[in-house]
Amino acid sequence: MNIPEIINAQKAFFKTQQTKNVAYRLQLLKALKAEIIANEDAIYTALNNDFKKPKFESFLSEYGLVISALNLSIKNLKKWAKPQRVKASILMFSSKDYIYNEPYGTVLVIGPWNYPFLLALEPLIMAIAAGNTVILKPSELTINTSNLIEKIITKVFPETVVKTIQGGVDTSTELLAQRWDYIFFTGSVPVGKIVAKAAAKHLTPVTLELGGKSPCIIDQTVNLKLTAKRIVWGKFLNGGQTCVAADYVIVHKAIKNDFVEALITEIKNAYGENVEFSEDFPRIINEKNTKRLANMLNGANILYGGNVAINKCYVSPTLVAVNDMNTPLMKEEIFGPILPILTYETETDIENIIWHYEKPLAFYIFSNNKTFVENTLAKFEFGGGVVNDLLIHLANHKLPFGGVGHSGIGAYHGKHGFDTFTHKKAIVKRGNWIDPPVRYAPYSSKKFKLLKTMFKWFG
Ligand code: NAD
């Protein structure tokens, strides 16, 4: 079947109403969970073959989160899916009012390469939980993981419910040219704009999970060792290829040298003196991106690291002192294990740096000064953030995960994910036993007065 035929088959299946049946959805989610568990080791192997992702990180940041999303949706689906009764307005007495949770229909999910298993599977799980059919296009750059995803999906789902379509830009372009009921895209800002444009043609609703330059501010009140340890973990996890990694730090000038020393100590503690031989440090996804990162280091003031082997897709954890916003490192999202270190003395210095960029996906502050923390959280716009750590806001399914402005549109995770793939249908069920006459013509000044009083009291 070609792409339009697959979509038509899914649309026809959607009309049979079978995906509206919660028991059917649960059966699919349980089968998916069983198949993923059966492939646990194969998933770790695929991720390791794609970019030497360590098993530990593959569990922590992909497999474990996917199983959690499945467990959560299996446990709560009946509650999430049922119509929710809301308080009725007395102006419409008598009625019973509800929100019906309606699937959009046939959904396109496009995934990136950096967390190739998690970021393909989690949107898929929530789309299925919500009762949609899905066409999934995983990243073409993680071929081992994408092949395994296709194998798992082919085993679990009929093609009329979920179909994996693999390919690169041409395939993605062809998919985007079709008419969808919803598009969920995770990837870069430039491609996000292409997706938004394609969706606008058919007024298709979208979620865009994008990226950007996420800052990390460190003031003088911190415990340097703990701060450095957490930053090294969050920045160099996944080889720095994390959408919510701290792209750069802004540290108070007075503690910059001590902070750099603390970072170097923690890098050595985590990965040893020669990181290239550490089993715990992933590679860059391909040579093209390794070269891109190497070019960013041209002429840079490297404080530590800076070792690059293009043919091995290796860039070591690297610290760079930056005092010019126009260096290549500060022009675009880094998306690799390079940490620019900028300094500040006043809050205006911080504003000048952060407001130089689009609204970031993530925002981090390390500080024990509550006033500074609250003022800073209130002052800047960003997708989500953490005080005194990196990344962990994405691990709480009760928190919505997404960007704002150029870092994205919409959010998901946990119930927020179910809601993302659900149209909230407003339903009023009117009673017939009473029919107040006030709204009906012929209108009169008496009725008008009564109407105004009713709006004043109950509106
Ligand atoms: P990308 O935008 O290059 O690719 C993402 C997907 O889009 C891939 O499946 C790819 O095949 C497709 N694609 C690429 N070019 C296209 C085009 N011209 N037309 C249509 N489709 C196209 O992103 P990437 O390099 O895979 O991922 C890295 C980016 O994703 C970073 O910017 C990162 O910040 C962002 N990201 C965001 C999140 C999030 O949750 N917000 C998560 C991970 C990554």
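# Briefing: fold, ligand site and selected residues

UniProt, in an unreviewed entry, lists residues 5–427 as "domain: Aldehyde dehydrogenase". The model discussed here is predicted. Across residues 5–427, helix accounts for 42% and strand for 19%. The C-alpha atoms at the two ends of that span are 34 Å apart.

**Overall chain**

- The protein chain holds 15 helices and 18 strands.
- Along the principal axes, its C-alpha atoms fill a box of roughly 85 × 55 × 35 Å.
- The chain has 459 residues, and 53% of them are buried.
- Contacts in the chain with a separation of 6 or more come to 71% from residues 24 or more positions apart.
- The accessible surface of the chain is about 21,300 Å². Carbon and sulfur atoms contribute 56% of that surface.

**Ligand site**

- The ligand has 25 residues around it. Those that come nearest are Trp113, Glu140, Ser188, Leu210 and Glu333.
- Trp113 places a polar side-chain atom 2.7 Å from an oxygen atom of the ligand.
- Ser188 also faces a ligand oxygen atom, with a side-chain N or O atom at 2.6 Å.
- Leu210 uses its backbone: a polar atom there lies 2.7 Å from a nitrogen atom of the ligand.
- On its own, the ligand has 840 Å² of accessible area, and the protein covers 89% of it.

**Glu266**

- Glu266 belongs to helix α10, which runs over residues 256–271.
- Its relative accessibility is 6%, under the 20% cut-off, so Glu266 counts as buried.
- Leaving aside residues up to four places away in sequence, Glu266 touches Lys225, Ala228, Lys229 and Val232.

**Cysteines**

- The whole structure contains 0 disulfides.
- Cys243 is in no disulfide. The nearest cysteine sulfur belongs to Cys216 and is 16 Å away. A disulfide needs the two sulfur atoms within 2.5 Å.
- Cys243 has a relative accessible area of 17%. Buried means under 20%, so Cys243 is buried.
- Cys313 is at 14% relative accessibility and therefore counts as buried by that cut-off.

How values were computed: Residues are numbered from 1 along each chain as its sequence is written. This is a predicted model: local features need pLDDT of at least 70, side-chain atom pairs count only at pLDDT 80 or more; totals for chains, interfaces and linings use all residues. Side-chain values use heavy atoms; hydrogens and water are left out. Helices (H or I, at least four residues) and strands (E, at least two) are DSSP runs, numbered from the N terminus. Buried means under 20% relative accessible area, exposed over 50%, partly exposed in between (1.4 Å probe, protein chains only). Contact means heavy atoms within 4.5 Å. UniProt positions are given in the numbering used here, feature names are shortened, and annotations may be inferred rather than shown by experiment. A residue is near a molecule or strand if one of its heavy atoms lies within 4 Å of it. A polar contact is a pair of N or O atoms within 3.5 Å; within protein, one must be able to donate a hydrogen and the other to accept it, and residues adjacent in sequence count only if both atoms are side-chain atoms. Accessible areas come from the Shrake-Rupley method with a 1.4 Å probe; for residues, only the protein chains shown count as cover.
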